[in-house]
Structures are given as C-alpha cells and as structure tokens.
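Here are my notes to read alongside the structure. Keep the 3D view open and look up each element as it comes up.

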Amino acid sequence: MIKIILVPVGGSDSDPVVFETARVVAQPFAAHLDFFHVRVGVGEAAEHTPYMEFARGEALRSTLNLLNEEASHRSVGAERHVRDFCDQWRIPMVEIPAPGATVSASYCAESGHAQERLTARARHSDLVVMARSTRANGLPPDLLETVLRQTGRPVLLVGNGQPARLTGTMMVCWKDAPEPSRALAAALPLLRQADRVVVVTVDEHGGTAPSGPEGVVRHLAWHGIRADALVVPAAGRATAEALESAAQTCGAGLLVMGCYGQGRTHEILFGSATRAIIGNAELPIFLLH
C-alpha cells in the first residue's frame, strides 16, 4: 500500500508534471503528498555547477551572486507552485493523518545539505516521485542514483512532459536477478491499477532464460493481476533498444524495472541498459535498486 509519497519540489517548470503524476498515483490509495523543498546552499550549487572551477575574481563573485538569486527564486516558486496546485485540486493541507479517504498534502522547506536531507526524508516515504535532471540546478548530477542507493525506496521518474497514467498498459522489464524481483514486488500496488500488464524479457543469447516472464505471470496471477508474457529477441540490438521497441509495440504508459550495474561502486549503479532507458525513454519509469 502506498500512503506517503515524497514529492521533491524544485520551484522550476518541471514541477507541474511531477505534481500531477504524484496526484494520479495518490488517488487510488488516498495517499499523502509530502511536498519537500530544499534551498540549495551557494557552496553546494557551486560544487555542481559546470566550469565553476575556472571562475576567478569578479567572475566568481558574479556567479555566486547569481546562484544565490536562483536559489531564492526557486524557493519562492516552490511554495507558490505547491499552494496553487493544492488549491486547484482542492487537496487539503494537513500535518497529521486526517480521517476520510482523500488525498492530502503538506509542504516543508529546509536549507542546505540538499542531498542528505532528501535521502533522509525519502526513507520515511513509500514512494518518491522525481523529474529527470535536464540542466544544472545546484544538485549533484547523480542524485537519482543516490536516492535509489541510499534509501531503499522506489522512485517513479516522471515522463517528458506528460504525467503518468495508472490505467492503460504497464510493462515490467524482467531479468532473472534480485533487483527486478524487488522492483516487481514494490510495484504491485500500481500494477493492480493497470488495464493490462506485459512482462517482457530480452533474449540476449538466443536461448531460454533461467526464469522467463511466464514465472512472473504466474506470480502476478496470485495477486489478482492478469499479465501477458513476452520474450523479445535481441536480434543484434542493445537490450535498452529492444525494451524501448517492446514498450512502443505494447503501447506501454509506464515501465517497471530494477536498477543494477556490473561493478561494485555507486558510480555504476545503473547498468548500460538501465541508464540508456532512463536517458532515452519518454515514459514514466518505476525504479528500485
């Protein structure tokens, strides 16, 4: 059951699609939307701003002032976006659980140590709804990997410009590994809302996978979820390309996948297929490490 959804608020133009996706997810569960903004400190922002290390003298002072102004602008915009959104959808703002089956919301703003504050808050949530990082915003470029690695919570990465829909077709990207299994289990509440679920495995070697999608289909049936199995031959394509093609063929509106890499360090948490799909696919993606 999904009851608390963490919604990081950037105060930017990506807020509307993040908010609407979170609201759509919250509705069937009467979940609480925990809107959370962290004002990024100038030092933090400078650390993650491209070419900052080359700034000197007046150029450095000017850049730091600009970063401070941008942080102030985002903070003002963040609260305004949340208030306007909740007014639009008549979502009550509450600090403690209220009786009644309705979506509720709260807003909290803090300053500094943005990555640490966000990951700590995520650990107290059932789901995190985030936007893809498309430009420098003072936050680490690997924020998504950090949230997945350090919180143990699933992340719903919103699509490019369109909020997620819980109806229609959801596609589970399956591989016989612990990470997809954990992602599948965490996504069960969402999969129950779908009109159709397709479990897809890419046959990378022209043989039979040790645990193909048929086993997952049987597992889902015990949860009252009817699903179809699909084995897609790689046919010389990269795994990500094969999965993206399958998603288009199925008419998928949401992908479910586990995150894993081949190495031991956090820099390669995402394998090449996962990273390519996150970078290229325009669909919302449900992720869990």
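1. Let's start with a small puzzle: which residue in β3 is the bridge partner of F35? Look along the sheet and you should land on Y107. F35 belongs to a strand pair joined by 8 bridges, where β2 (residues 32-39) and β3 run parallel. Keep in mind throughout that this is a predicted model.

2. Now zoom out for the overall inventory. The protein has 9 helices and 10 strands, and 48% of its 289 residues count as buried. Take the contacts between residues at least 6 apart in sequence: 78% of them join residues at least 24 apart.

3. Next, the sheet. It is an open sheet of 10 strands with mixed pairing, and if you walk across it you meet β3-β2-β1-β4-β5-β10-β9-β6-β7-β8 in that order. The walk begins and ends at the edge strands, β3 (104-111) and β8 (227-233), each of which pairs on one side only. Ignoring direction, neighbouring strands of this sheet are turned by 25 degrees against each other on average.

4. Strand β10 (residues 285-288) deserves a stop of its own. On one side, β10 is joined to β5 (residues 155-157) by 3 bridges, and these two strands run antiparallel; here V155 has L287 as its bridge partner. β10 also pairs with β9, this time in the parallel sense, over 4 bridges, and V256 is matched with F286. So what do the side chains of β10 do? In a regular strand, side chains alternate between the two faces of the sheet. In β10, I285 and L287 point one way while F286 and L288 point the other way, and all are buried.

5. Two helices to find against the sheet are α7 and α8. Helix α7 (residues 213-221) lies across β7 (196-203) and β8, and runs at about 165 degrees to β8. Helix α8 (residues 239-250) packs on the sheet too, touching β6 (169-173), β7, β8 and β9 (252-258), and its direction makes about 150 degrees with that of β7.

6. Stay with α8 for a quick check of its length. With 12 residues at 1.5 Å a residue, α8 should span 16 Å, and its end C-alpha atoms are 16 Å apart, so the two agree. Just after α8 comes G251, which takes a positive phi of about 70 degrees.

7. Which residues of α8 are buried? They are A240, A242, L243, A246, A247 and C250. Looking down the axis of α8, you will see these buried residues fall within an arc of 160 degrees, so they line one face of the helix. Their cover includes β6, β7, β8, β9 and α9 (272-280). Turn the helix around and the face away from the buried side carries the exposed residues Q248 and T249.

8. On to charges. Side chains of opposite charge can pair when their charged atoms come close. The count here comes to 5 salt bridges. One of them stays inside a single helix: E20 and R23 meet at 2.6 Å, N to O. Both lie in α1 (residues 15-26), 3 residues apart, about one turn of the helix. Are they buried or exposed? E20 is buried, with a relative accessible area of 17%, and R23 counts as buried at 8%.

9. Another salt bridge joins the side chains of D34 and R121, at 2.8 Å from N to O. D34 sits in strand β2 and R121 in helix α4 (residues 114-122), so the pair ties together parts that are 87 residues apart in sequence. D34 counts as buried at 8% relative accessibility, whereas R121 counts as partly exposed at 25%.

10. Last one: R196 and D228 form a salt bridge, with their closest N and O atoms 3.4 Å apart. This pair links distant parts of the chain, with R196 in strand β7 and D228 in strand β8, 32 residues apart. R196 counts as partly exposed at 34% relative accessibility, and D228 counts as partly exposed at 33%.

How values were computed
Residues numbered from 1 in each chain as written. Predicted model: local features only at pLDDT ≥ 70, side-chain atom pairs only at ≥ 80, totals over all residues. Heavy atoms only, no water. Pairing = 2+ DSSP bridges. Axes fitted to C-alpha atoms, helices over the stretch in contact; angles between N-to-C directions. Contact = heavy atoms within 4.5 Å. Buried < 20%, exposed > 50% of the residue type's maximum accessible area, 1.4 Å probe, protein only. Salt bridge = Lys/Arg side-chain N within 4 Å of Asp/Glu carboxyl O. Expected span 1.5 Å × (residues − 1). Arc of directions from axis to C-beta.
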